[in-house]
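Hi,

Here is the structure I promised to pass on. Have a look at it first, and then read my notes below.

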2 protein chains.
Amino acid sequence: RMQNSGSKPCSCPSLKLREVVSMYFTLIAAFLVILVVALQGSVPRGSDFPYKVPLDPQGLLELSWNVSYPEQAVHFQLLVRDLQFGLLFGMSDRGEFENADLAVLWSDGHNSYFGDAWSDAKGQLHMDSQQDYQLLGARRAPEGLYLLFRRAFSTCDPKDYLIEDGTVHLIYGILEKPVPSLQAINISAIHGGLQRVQLLKPNISIPELPSDVKTMEITAPDVVIPSQETTYWCYMAELPEGFPKHHIIMYEPVVTAGNEALVHHMEVFQCAAEFDSFPHYNGPCDSKMKPDRLNYCRHVLAAWAMGAQAFYYPEEAGLAFGGPGSSRYLRLEIHYHNPLVFKGRRDSSGIRLYYTATLRRHDAGIMELGLVYTPVMAIPPGEDAFVLTGYCTDKCTQLALPAAGIRIFASQLHTHLAGRKVVTVLSRDGRERQVVNSDGHYSPHFQEIRMLKEEVAVFPGDELITTCTYNTQDRSRATVGGFGILEEMCVNYVHYYPQTQLELCKSAVDPGYLHRYFNLVNRFNDEEICMCPQVSVPQQFYSIPWNTFNRDVLKSLYSFAPISMHCNKSSAIRF
Amino acid sequence: RMQNSGSKPCSCPSLKLREVVSMYFTLIAAFLVILVVALQGSVPRGSDFPYKVPLDPQGLLELSWNVSYPEQAVHFQLLVRDLQFGLLFGMSDRGEFENADLAVLWSDGHNSYFGDAWSDAKGQLHMDSQQDYQLLGARRAPEGLYLLFRRAFSTCDPKDYLIEDGTVHLIYGILEKPVPSLQAINISAIHGGLQRVQLLKPNISIPELPSDVKTMEITAPDVVIPSQETTYWCYMAELPEGFPKHHIIMYEPVVTAGNEALVHHMEVFQCAAEFDSFPHYNGPCDSKMKPDRLNYCRHVLAAWAMGAQAFYYPEEAGLAFGGPGSSRYLRLEIHYHNPLVFKGRRDSSGIRLYYTATLRRHDAGIMELGLVYTPVMAIPPGEDAFVLTGYCTDKCTQLALPAAGIRIFASQLHTHLAGRKVVTVLSRDGRERQVVNSDGHYSPHFQEIRMLKEEVAVFPGDELITTCTYNTQDRSRATVGGFGILEEMCVNYVHYYPQTQLELCKSAVDPGYLHRYFNLVNRFNDEEICMCPQVSVPQQFYSIPWNTFNRDVLKSLYSFAPISMHCNKSSAIRF
């Protein structure tokens, strides 16, 4: 916080609002000169912001940041390329402009001001009584204005957003006219949008790459990005014949310069080994021209999303690819996000794999935790936060894990469109010990593989409990579990080493107890839901007359009834 | 907070622990001299502490305090009559010494220290990183040492107790030996205890008393307090014959000097008008000698509990007593709390009524909100926080309240032994508008009539929702609603004006739906609970095999099922 020069460094949150505001409505002299407003800490230099993401599709606003875990704070550097009369930048639960926590730079046409503000449930802006976006500096450069500011993860202000691990919904808005005051800003009339990032990147030391490391770029050559908002592009690549087993030890994005705001995420999948060959294809994934066989290319080798950096495997492990028993065919999938419908943009983005023939000590593996894909796990309609939980039980880990345990180092959370939160916790002897991965602002549109801050050791007898929270307020019938986009999943793909034969450790409610539930609801409501065996579970769920009682009893059932466990080896054999 | 002299007044919660501690481990020079440690605000004078309560049964520790709503803080003055090597004073959820928020004064035999500390779940003491008990002064006087300190209602420290409306459980402990450090204090070996008070007294302007005010003392003359921990003493008093209708406009306690720590609470009841006379009695309420007819003296005229002050009726209203249609007989009940089993103490405490013959504009009335006394509302065993809710519905207030509404000015919350929290909220057009009275640390052992901070206006069509939270962890069978001490109640006696004919506005679950619940539990669990009509509701509850499912479905039933409403006129006639 700011301090008058001459006095001791001493923060004064108990100052009255008026005093704080008079300090913070700092004039940034007409965007002209370099102005260092306050010097609580030293201003980090440009190279000190390792993470970067464009906020808007045109790239007018570019955010860089760093994370200081000792200070429990984030330093932001926001480049504004074409400043008009100010801007809003902030965070909110899911990217909405209501109930948002905002840093605002605004000009009344003469002077410019900076302050920490918040918007209420109607989108009206208010100056915050506690100023927690701390302006550290403003700097004019040929490319635009740089604003430097700092924000603690957690402030003591109930109006402030709590910066946590997982997805953060950043919002931005551009002021195109002068405004007489902060309160006069009409949020609904502002040109703005949202960008999802993982703000709190883990602070991991980067393993050294071996001298014999080679690289391979899986890129779709010279794609003309379709002039539509959303495109999933599919491109087939092929490893050389006789390519022996290697370890992928790192990968990073290759994004064509100028397209940084369009390439939303990219994944490389390995195809199924059962097929000797796969057709070459380079086109939209939803095209009728796409060969069906490409649906057998689903084993994730690499995944990247906007704002993510290079992905490093731990020193002890690498991801096996090549060699006998694995397919030579790879599928690259790129999600282009083109909301301004640019035409004719050319792109050759993709992923660069770093691999070595000197195999590391362990193969890395991927295990699915959470819920089995079955309609017995369902979400009533009209719910704002319905919770489902999947278990990887102590019995399964007892059978399937080596005595020395496994180490989880990365995690990718997955649901379909109704998912809002996902968390996996490790439980030992019936007590929760550690959060494996948690995202309280999870979005199905932002599914990164995230490196964990610390590897999580899992031993035989441990339990891994994955909990998903869903919103079905816009739906009029029950949402059942399944593969369809309007059905739901609750999955955490954990990346770990050493690889074991356990690929799937998931659960669902015992179907017999679900049958008792249908019976009970039927009798309690005096309704005749057909329980004939020929009626499917989804049909039975769809025919329930939903009310708070039927909803609550379903919740009670899921928390009480015995579970049916899927504890599967690679080729779907149960342990 | 403290500040080195010379610098500006500026609070610094961001100072490091070590600095704070070095400031706060302030030497209070061997209990000898007057020492003003810090002067953030001016030290309030003795007369500025209007509320007073003894902490321990011997009266060695006496707490006075005041409440500043503008500052959102409480100032405490603690008189320590016989200081040895220090003391602990603090607050905790229900008076336990674990997870408590403590101010500690301790001596190592040479120097004395003061600090804000907290105890963990095992009772181990820790210095708090944020010092929120602010020592303002220490003063030696003939009667003992006075400690003056201040505490904000709400601090930003998760280790701190949040001071809220309602009951606060104060705890104290006396250090009888020197201790080398705060951490060395062994809480389990300390002589200490708890005292319940309403810390946040409402800030009400006191109405002027009329010139014709008279007083009447209802006191039990020269009682020898029995040498046992708990005594309820009953004493019958009688109004003069032909005593006309008056208004009680104020009452206050009369406590015999020296017995302040023994007189726990007192109530004056009016007897039923149906009986022409009541026997005189002066003895323990549970004595076999007590005439049965005294059970018909249950209409509360006045109630006081330790720490409470005088009770004033609002200017517009008074409580009617005397006159035709009301009994001349009054019963005084005094709860003596004598844990140290003093022998031969004599007491003449009671309540002094202030009344006037010049009747005020309105008679005051008392209305019962909450749950009907019926076994259909039950609490499963083993619950730590089971919630039951009683409704005074819009339909009932529509029928029974005058168009101009009524004004609630005081409230007495009531449950039996399992009650832990009680709250009543006012709802209008389906939205919660106002809290009528709330006690998040409610104790069945501390049932005061509390004046509300502000009168609550209730209009026809409003709804009053009373919610009670129960703890049955020490019980092995269900607790049903009823009159017995091991059955439960959920009641808020609200004091209001103008008096109406509505005496009871309470609800319970529809018994038909409860029957469906017994059926459902029976079928789901494949058990045979006898649903024969001759089996009572309590018997059916007792025979349920309790598990989380049966518990959760009961919760769902109570929140879903229709209610049966009791909306009664004075003589138990339904509207």
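A word you'll need straight away is "strand": here, a strand is a DSSP run of E with at least two residues, and strands are numbered from the N terminus. One more thing before we start: this is a predicted model.

With that in hand, go to A:Pro498, which sits in the loop between strand 34 (491-497) and strand 35 (502-509) of chain A. The bond that joins A:Tyr497 to A:Pro498 is a cis peptide bond, with omega about -10 degrees. Now try chain B: B:Pro498 is placed in the loop between strand 34 (491-497) and strand 35 (502-509) of that chain, and the peptide bond from B:Tyr497 to B:Pro498 is cis too, with omega near -15 degrees. These are worth a look because most residues other than glycine have a negative phi, and most peptide bonds are trans.

That brings me to phi. A:Asn99 has a positive value, near 50 degrees, and isn't a glycine. You'll find A:Asn99 in the loop between strand 4 (86-92) and strand 5 (101-107) of chain A. Is A:Asn99 buried or exposed? Its relative accessibility is 52%, and the cut-off for exposed is over 50%, so A:Asn99 counts as exposed. Over in chain B, B:Val341 also has a positive phi, near 55 degrees. The loop that holds B:Val341 runs between strand 21 (329-337) and strand 22 (346-347) of chain B. B:Val341 counts as partly exposed because its relative accessibility is 38%.

Next, zoom out to chain A as a whole. Its secondary structure comes to five helices and 36 strands. Of the 575 residues in chain A, 56% are buried. If you take the contacts in chain A with a separation of 6 or more, 76% of them are between residues 24 or more positions apart.

The domain assignment splits chain A into domain 1 (51-197), domain 2 (205-360) and domain 3 (363-574). I spent some time on where domain 2 and domain 3 of chain A meet. Their C-alpha centres lie 29 Å apart, and 20 residues of domain 2 are in contact with 13 residues of domain 3. How much area do domain 2 and domain 3 of chain A bury between them? About 1400 Å², with 65% of it on carbon and sulfur atoms.

There is one salt bridge between domain 2 and domain 3 of chain A. A:Lys245 forms a salt bridge with A:Asp363, and the closest N and O atoms are 2.9 Å apart. Four residue pairs are in polar contact between these two domains, both residues at pLDDT 80 or more. On the side of domain 2 of chain A that touches domain 3, several strands each supply at least two residues, among them strand 15 (246-254) and strand 16 (263-271). Strand 20 of chain A gives the most to that side, with four residues. By type, the residues on that side divide into 14 nonpolar, three polar and three charged.

Last stop: A:His265, in strand 16 of chain A. A:His265 counts as buried because its relative accessibility is 13%. Its side chain and that of A:His264 are joined by a polar contact of 3.2 Å. Leaving aside neighbours within four places in sequence, the residues in contact with A:His265 include A:Tyr232, A:Trp304 and A:Glu333.

Enjoy exploring!

Note on methods. Residues numbered from 1 in each chain as written. Chains lettered and ligands numbered in written order. Predicted model: local features only at pLDDT ≥ 70, side-chain atom pairs only at ≥ 80, totals over all residues. Heavy atoms only, no water. Domains from an automatic or database assignment. Contact = heavy atoms within 4.5 Å. Buried area = accessible area lost by both parts, 1.4 Å probe. Salt bridge = Lys/Arg side-chain N within 4 Å of Asp/Glu carboxyl O. Polar contact = N/O pair within 3.5 Å; in protein donor to acceptor, adjacent residues only side chain to side chain. Nonpolar A, V, L, I, M, F, W, Y, C, P; charged D, E, K, R; others polar. Buried < 20%, exposed > 50% of the residue type's maximum accessible area, 1.4 Å probe, protein only.
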